[in-house]
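This briefing concerns the pairing of charged side chains and the solvent accessibility of the residues that take part. Please consult the sequence and the model below before reading on.

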Amino acid sequence: MPKEVRKELSRPYGILFKSTEKLLKYADNFERIITVGDVVTQELLKNNRSVFLSIVDGKTKRNIKMNMKFSNYVTVKNEPGIIRLSAMSYIKSALNSSLSSVIYVDGEEDLLVIPATIYGREGDLVIYGQPNAGAVALEVCEATKWRVNDIFSKFNVKKC
């Protein structure tokens, strides 16, 4: 990920919620919710909201361990600062399925908001954590997909 993209991604895309209550009320308007991050996933599940796809890494702020238990999940490798093609493939498959699922990331899940948005259906809601600010809710639509694809096109492709 080039440095200029890192700066671009440091600001929230979508609606920033500082209140869990307001986020939950907003999320109730959507049929399919995709969460990226342990804290937002935990908050929605704790408040009895159905999450179609959860993408978590078992940590918050990169080192504080989270204690969530999932009975059924797939593990993918995704190092910090990159988006592995294999992780993208699992996300695409999960979002094309009719069953809800959990993707546990060995590494870091932050950038996986990008493929979650690219492969999400029109009308899905992607919720991700914005460190030290709150949670961002991003509705998947044509304009959102265009913007995210534009950001993603600036990434460097490397074999790993």
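In this predicted model, Arg49 has a relative accessibility of 23% and therefore counts as partly exposed. Its side chain meets that of Asp28 in a salt bridge, with an N to O distance of 2.7 Å. Across the whole structure, a search finds five salt bridges, and the points below take up some of them, including the pair just named.

**Asp28 and Arg49: a link between two loops**
- Asp28 belongs to the loop between α2 (20–27) and β2 (33–36), while Arg49 belongs to the loop between α3 (38–46) and β3 (53–56), so their salt bridge ties together parts that are 21 residues apart in sequence.
- Asp28, like its partner, counts as partly exposed, its own relative accessibility being 47%.

**Glu79 and Arg84: a buried and a partly exposed partner**
- Arg84 forms a salt bridge with Glu79, in which the closest N and O atoms lie 2.9 Å apart.
- Arg84 is buried because its relative accessible area of 19% falls under the 20% cut-off, whereas Glu79, with a relative accessible area of 25%, is partly exposed.

**Arg147 and Asp150: a pair within one helix**
- The side chains of Arg147 and Asp150 meet in a salt bridge with an N to O distance of 2.9 Å.
- Both residues lie in helix α6 (residues 142–152), where they are three residues apart and so are separated by about one helical turn.
- Arg147 is partly exposed at a relative accessible area of 22%, and Asp150 is likewise partly exposed, at 25%.

Terms used. Residues are numbered from 1 along each chain as its sequence is written. This is a predicted model: local features need pLDDT of at least 70, side-chain atom pairs count only at pLDDT 80 or more; totals for chains, interfaces and linings use all residues. Side-chain values use heavy atoms; hydrogens and water are left out. A salt bridge is a side-chain nitrogen of Lys or Arg within 4 Å of a carboxyl oxygen of Asp or Glu. Helices (H or I, at least four residues) and strands (E, at least two) are DSSP runs, numbered from the N terminus. Buried means under 20% relative accessible area, exposed over 50%, partly exposed in between (1.4 Å probe, protein chains only).
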